[in-house]
Amino acid sequence: MKYVAYTVIILALGLGIFNATKLDFNALFEGESIIGLITILASLCAIVLMLILLISKRIEQKVKNNT
């Protein structure tokens, strides 16, 4: 499960970087720029969710080892 989470984080990071190149700072909320902003936000959400999953698995493992 850990490798899947790291893979998703790397893919989301790559997708965010790719879409950052699509941004037009002169017209940030028009055309392809809005699509880029939405996908950057979605990739950040995916990264946060995977980090929460990794932290919760680590906590679960520590609780299991203490009992």
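Trainee: Let me start with one residue: where does T21 lie?

Mentor: T21 sits in the loop between α1 and α2. Helices here are DSSP runs of H or I with at least four residues, strands are runs of E with at least two, and both are numbered from the N terminus. Before we go on, this is a predicted model, in which local features need pLDDT of at least 70 and side-chain atom pairs count only at pLDDT 80 or more, while totals for chains, interfaces and linings use all residues. Residues are numbered from 1 along each chain as its sequence is written, and side-chain values use heavy atoms, with hydrogens and water left out.

Trainee: Is T21 buried or exposed?

Mentor: We judge that by relative accessible area: under 20% is buried, over 50% is exposed, and anything in between is partly exposed (1.4 Å probe, protein chains only). T21 has a relative accessible area of 58%, so the residue is exposed. You can also relate T21 to α2: T21 and G36 are 15 residues apart in sequence, yet 8.3 Å separates their C-alpha atoms in space.

Trainee: How many residues does α2 have, and how far does the helix reach?

Mentor: α2 has 35 residues and spans 51 Å from its first C-alpha to its last. To get an expected span, take 1.5 Å times one less than the number of residues. For α2 that expected value is 51 Å, and the model comes close to it.

Trainee: Which residues of α2 are buried, and what do they pack against?

Mentor: The buried residues are S33, G36, I40, S43, I47, M50 and L54. They pack against α1. When I say two residues are in contact, I mean heavy atoms within 4.5 Å. Take S43 in helix α2: its relative accessible area is 5%, so S43 is buried. Setting aside neighbours within four places in sequence, S43 is in contact with A12 and G16.

Trainee: And from the other side, what does N19 in α1 touch?

Mentor: N19 lies in helix α1 and counts as buried because its relative accessibility is 8%. Leaving out neighbours within four places in sequence, N19 is in contact with G36, T39 and I40.

Trainee: Which residues form the largest nonpolar core?

Mentor: A nonpolar core is a set of buried Ala, Val, Leu, Ile, Met, Phe, Trp, Tyr and Cys residues joined through side-chain atoms within 4.5 Å. Here the largest one has six residues: A5, I9, A12, I47, M50 and L54. Both α1 (2–20) and α2 (32–66) supply at least two residues of this core. Have a look at I9, which touches I47, M50, L51 and L54, not counting residues up to four places away in sequence.

Trainee: What about L41 in α2, buried or exposed?

Mentor: L41 belongs to helix α2, and at 53% relative accessibility L41 counts as exposed. From C-alpha to C-alpha, L41 and G16 are 8.0 Å apart in space, with their positions 25 residues apart in sequence.

Trainee: How many salt bridges are there, and which residues form them?

Mentor: Side chains of opposite charge can pair when their charged atoms come close. The cut-off is a side-chain nitrogen of Lys or Arg within 4 Å of a carboxyl oxygen of Asp or Glu. A search of the whole structure turns up one salt bridge, in which the side chains of E60 and K57 meet at 3.9 Å, N to O. The two residues are three apart in helix α2, so about one helical turn separates them. E60 is partly exposed at 42% relative accessibility, and K57 is partly exposed at 40%.

Trainee: Finally, where is V8, and how far is its C-alpha from that of A46?

Mentor: V8 lies in helix α1 and is partly exposed, at 31% relative accessibility. V8 and A46 are 38 residues apart along the chain, and their C-alpha atoms are separated by 7.7 Å. As for M1, this residue lies in the segment before α1 and is exposed, with a relative accessible area of 62%.
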